[in-house]
Amino acid sequence: MRLSKKNNSKAERQEPRLFSGEPRRKAGRARSKPARPRRRRSFFWALIRFSLTLAVVGLAGLAVLFGAVWSSLERQGVLQVPEREPGVMILASDGTVLAEQGSFSGDEARLADLPDYVPNALIAIEDRRFRSHLGVDPLGLLRAMYSNYRAGRLVQGGSTITQQLAKNLFLTPDRTLQRKLQEAVLAIWLEHHFSKDEILQLYLNRVYFGAGATGIEKAARVYYQKSASDLTLAEAATLAGVVKAPSAANPVSNPRAAAERAKLVFQSMAEEGFITAEEAAAAIERPAEARTPSYVSAKYFAVDWVAEQLPEFVKDYQQSLVVETTIDPAIQAQAELAINKELRSEGARLGASQGAMVVMDGSGAVLAMVGGTSYKRSQFNRAAKAKRQPGSAFKPFVFLAALERGLTPETREVDEPIRIGNWQPENYRKKYLGSVSLETALALSLNTVAARLAMQVGPAAVAAVAHRLGITSPLGEDASIALGTSEVTLLELTSAFVPFSNGGYPVTPYTVTRVLTRDGRVVYERNGSGFPKAVSDGNLYGMNRMMRLVVTDGTGNRAAFPGFDIAGKTGTSQDYRDAWFIGYTSEFIAGVWVGNDDNSPMNKVTGGLIPAVIWREVMEPAHRGLTPQPLPGEALVASAEQPSISSSVYDQGAAEEPVPPSQQERKGFFERLFGGSSNNSGNERLSAFERMKRAREDY
């Protein structure tokens, strides 16, 4: 029996046989199913192990990539916050500030000086987790991806404020994977080196708000004419909404879109606890209104001209600059006022929509520059850049060339129809005076006489004289040059008249006298002796005698004002497309142009009309308080005849401007200056030379 038990026991200890029938079961016990549950647990843990391994490898790869990008940026010297672009402060001649460009004094807005809702508005709409993330916000990125997926379009960005700052400070706007990686690395670097408040202040001063405004301070001034420290909650929210789309959400050009965007900012601020729901609802009901000025001063034409020249004086500068100029604020303001006044009152009726003016002194210093009627509507500088036909305003160069060939103001020429090849110049009213003196021909702007003189001396000689005195544009070399058919700018034409005022010396127009760094170091200062004398005293006397007659008795009589010796020349181009008056005293030279940008004809506007009136309205107040001085020049031979034009000759209509003031009411310079009349009792008639001599003796 024992043996039998042993055998039975051995039989029971045998390994079960797989796949060959039913497995053995112990009596009274059911066997469990171990295989499948064990297999499921193994797969789950394997998946976890794989995921962890993948995460470790991914993190290691990211670390290597981060290190490579960091090293690359470090080699490029990028890992340092760049200084703000140096600013430029432009000063007028009296030391007042004309304009300030760039950031002259560094960051303009200090976080501590701003109301809390100004930075909070930006945080709420741009980066809610700004205070907690380390420069890159993975949760914010995931949230943005989910929102964009649900919307089916890009409605949120994943970049943090720190990333946006990194892009603004260091990177180009290229949308590439490399740039995004660099942005992330630089954001982490910024967070490591600066506090949250420092990052926020940098961002507020470097972000672009549209309309040319970079930084919260400039944006506040552009849109609301106030400092950023004075912004209201509604204004701060509106500006915060502009950042994402500076053009689409511009509160000036698109106020409805700006208000909708501001509404989102208010809601976000309420959700983040920066303001209460009641405050948000109240602010939404009263959106901010941008208050951009309807008028921008024409001084910015001069400011732009200065800015364009600055690189010639300072090639490369690393700190802010102070630029001292010759702009006279009072004359500048008066020039702007006169142009707009005359064109508003007469422009519509006469079909003239634009005007420009330049005022200079005898050294070539530009005291005022108005490049158009509205700088806000058009920044194109018609004074310095627009080339137009000067018409008869070019004739002084023709007459000077004639004087240099031996003619005098009293030389007689015949005013009659003339044909030069296929060209037949005509006078203003197609009437002719017969034998006239050169001074009468210039005073009445007789085209036929100017054309005859040009043919006598040669067009090349006329061009040479004009270039010698300051015209820089190319000039034609045919007879039509006598009537100003070659285009010039107002600035160069005005500067070419300066030698008639300053004693015969050509000038280069300028306005910058000195450039200093912010700490006072002089980097440029104007100096030099200028050009040699280009007009002899005798010819200078002759030219001033003739152009004086233009103002006292000729086409420029509307430019006259009491007490000063004034000379000048009117000009009108073909079909009344351009009207000019260039006039001068011993103190100042000024040029005025009136016309239309599309070159359309005006309604018979000549240089003796609107331009001459504008000239007087600017120059008369500019001369107040100054001691009158006669124009320069010495006659070689005393004149036998007093230069004047009778009313009958004027009224024959040969003049460019056919409506003169009453001859009896017009007094010459010396009569206005000293009283009485040049027509003394008896038969005594004083020549211009004798009157000039007496005036100088009295001085």
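How are α14 and α19 oriented to each other? They are oblique. The legends below describe close-up views of a predicted model.

**Figure 1. Overview of the predicted chain.** The model is predicted. The chain holds 23 helices and 12 strands. It has 699 residues, of which 50% count as buried. Among contacts with a separation of 6 or more, 71% link residues 24 or more positions apart.

**Figure 2. Helices α14 and α19 pack against each other.** Helix α14 spans residues 395–403, and helix α19 spans residues 537–552. Their axes lie 10 Å apart and make an angle of about 140°. An angle over 145 degrees would count as roughly antiparallel. The pair falls short of that cut-off and is therefore oblique. The crossing of α14 past α19 is right-handed. On the α14 side, P396, F399, L400 and L403 make the contact. On the α19 side, the contact residues are N539, G542, M543, M546 and M547.

**Figure 3. Helix α19 is mostly covered.** Of the 16 residues in α19, 15 are buried. From first C-alpha to last, α19 reaches 22 Å. That is close to the 22 Å expected at 1.5 Å a residue. Among its residues, N539, G542, M543, M546 and M547 meet α14.

**Figure 4. Helix α10 has a buried face.** Helix α10 covers residues 255–271, 17 residues in total. The distance from its first C-alpha to its last is 24 Å, close to the 24 Å expected at 1.5 Å a residue. Its buried residues are A258, R261, A262, V265, F266, S268 and M269. Seen down the axis of α10, these fall within an arc of 165°, so they line one face of the helix. Residues three or four places apart on an α-helix point the same way, because there are 3.6 residues a turn. On the other side of α10, R256 and E271 are exposed. The buried residues of α10 pack against three helices: α3 (117–126), α9 (233–242) and α11 (277–285). Just after α10 comes G273, with a positive phi of about 85°.

**Figure 5. Helices α9 and α10 cross at roughly 105°.** Their axes come within 8 Å. The two helices are therefore roughly perpendicular to each other. From α9, the contact uses L233, A234, A237, T238, A240 and G241. From α10, it uses A258, R261, A262, V265, F266 and M269.

**Figure 6. Helix α8 keeps its buried residues on one side.** Those residues are I216, E217, A219, A220, Y223 and Y224. They cover an arc of only 165° around the axis, which puts them on the same side of α8. They pack against α3, α7 (196–206) and α9. Q225 follows α8, with a positive phi near 50°.

**Figure 7. The loop between α8 and α9 includes Q225 and S229.** Q225 is not a glycine, yet its phi is positive, about 50°. Its relative accessibility is 37%, so Q225 counts as partly exposed. S229 is also partly exposed, at 30% relative accessibility. S229 touches D113, L114 and P115, leaving aside residues up to four places away in sequence. S229 and R110 are 119 residues apart in sequence. Their C-alpha atoms are 8.9 Å apart in space.

**Figure 8. S445 sits in the loop between α15 (438–443) and α16 (447–457).** S445 is a residue other than glycine with a positive phi, near 55°. Its relative accessible area is 2%. Buried means under 20%, so S445 is buried.

**Figure 9. T472 lies in the loop between α17 (459–469) and α18 (490–502).** T472 is exposed, with a relative accessible area of 65%. T472 and T489 are 17 residues apart along the chain. Their C-alpha atoms are separated by 9.1 Å.

Conventions: Residues numbered from 1 in each chain as written. Predicted model: local features only at pLDDT ≥ 70, side-chain atom pairs only at ≥ 80, totals over all residues. Heavy atoms only, no water. Helix = DSSP H or I, 4+ residues; strand = E, 2+ residues; numbered from the N terminus. Expected span 1.5 Å × (residues − 1). Buried < 20%, exposed > 50% of the residue type's maximum accessible area, 1.4 Å probe, protein only. Arc of directions from axis to C-beta. Contact = heavy atoms within 4.5 Å. Axes fitted to C-alpha atoms, helices over the stretch in contact; angles between N-to-C directions. Parallel < 35°, antiparallel > 145°, perpendicular 65-115°, else oblique. Left-handed = near helix turned anticlockwise from the far one by under 90°.
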